[in-house]
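Biologist: I would like a close look at one single part of this model. Please keep to that part and follow it through to its neighbours.

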Amino acid sequence: MADITRRFGWRHLRSAPTAHIRHHKRGTLAHDGRGLSFWYRSLSAALSEVPVDDRELAMAFHARTADFQDVTVQATVTYRVSDPALAADRLDFSVDPDTGSWRGAPLEQIATLLTETAQQHTLDVLARTPLAEALVDGVASVRERVATGLAAEPRLPATGIDVVAVRVVAIRPEAEVERALRTPAREQIQQEADRATYERRAVAVERERAIAENELASQIELARREEQLVDQRGTNARREAEEKAAADGVRTEAEAARKVRLARAEAEAARETGAARAEAQAAWLRVHGEVDPATLHALAATRLAENVPRIESLTLSPDVLTGLLAKLGRPEGRAEGGAEGRAVGRREGRAGA
């Protein structure tokens, strides 16, 4: 929409570069072009503003297929006004000189023209197409037919309108029909999913079986090696026992031989010692046999004296002296008293010691 300002009864219009302005003053075309800016009087001016940029027109309408199924078509048509003067002559693009707003609804008229034309060609295509085919290939066929039909529509060039592009967004059946159509596909997808699940489970079971077999083989191999290890340990133990027994036998034999040698040496030493003692005793006896009896008595007395305990002191009591003197006073008992005195003196001497 053009930008209009007021100054002392005059009006100033400033349009956008995408808007074509036609200014008639008293029936004469005074300004004609895009992006204009000029002053005018509202009482004597007739203004038209035609947008020349590309416009997007979204449309949705119902159609029926060859098998009598209702579908909804969503499409978009891009158009532009290629001849503003022709469009201003055929449609009401006039604007209020004071506010700059359209007095009519030219864009709605263009939208109605394009929508009805596109719908006519769409219905013509879908009426000869079954639902399944329309859902599969209907978008391309409808787009081509609508584009061709709009290009061949004589009212559009006569109004100065060019169709830039046609896009068909979707062709959708009713909700119940769509659910019914989705059911086989869903079932097939579910079957595929179930088959994939079963295959995955089968693969998992096969892998588990392979793992179990590998573990069993590993256990068997481990048991076999343990058996070999036990056998080897038994062999090593037997060999060690045999070697130990052999070593003990050798050590016992060596010890017995040593003891035999020691016993023989001790016996030989004892034999030699006995012989030496016998020789010494014989020599001693020979020596004593050759000596006279007096010498032997003296040696005996010496040996006896060596074995008699030593008398450190001798105590004579008055009774002993009196008895000794009385015995000495008797001639016949002198000898006997002397011997008895000696004996008593020896005992007392031992007691004193």
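Modeller: What follows is a short tour of one strand and its partners. The model is predicted: local features need pLDDT of at least 70, side-chain atom pairs count only at pLDDT 80 or more, and totals for chains, interfaces and linings use all residues. Residues are numbered from 1 along each chain as its sequence is written, and side-chain values use heavy atoms, with hydrogens and water left out.

The part is strand S3, residues 19–25. Strands here are DSSP runs of E, at least two residues, numbered from the N terminus. S3 is mostly covered, with five of its seven residues buried (under 20% relative accessible area, 1.4 Å probe, protein chains only).

S3 pairs with two strands, S6 and S4. Two strands pair if DSSP finds at least two bridges between them.

Take S6 to begin with. This strand covers residues 45–51. S3 and S6 run antiparallel, and seven bridges link them. Within this pairing, His-23 of S3 faces Leu-47 of S6.

Now S4. This strand covers residues 28–34. Its pairing with S3 is antiparallel too, over six bridges. Here Arg-22 of S3 stands opposite Asp-32 of S4.

S3 and S4 also form a hairpin. Two residues lie between the strands. One residue of the turn is Arg-26, and its phi is positive, about 55°.

To place S3 on the structure, start from the hairpin turn with Arg-26. Then find Asp-32 in S4, opposite Arg-22. Finish at Leu-47 in S6, opposite His-23.

Methods. Buried means under 20% relative accessible area, exposed over 50%, partly exposed in between (1.4 Å probe, protein chains only). Helices (H or I, at least four residues) and strands (E, at least two) are DSSP runs, numbered from the N terminus.
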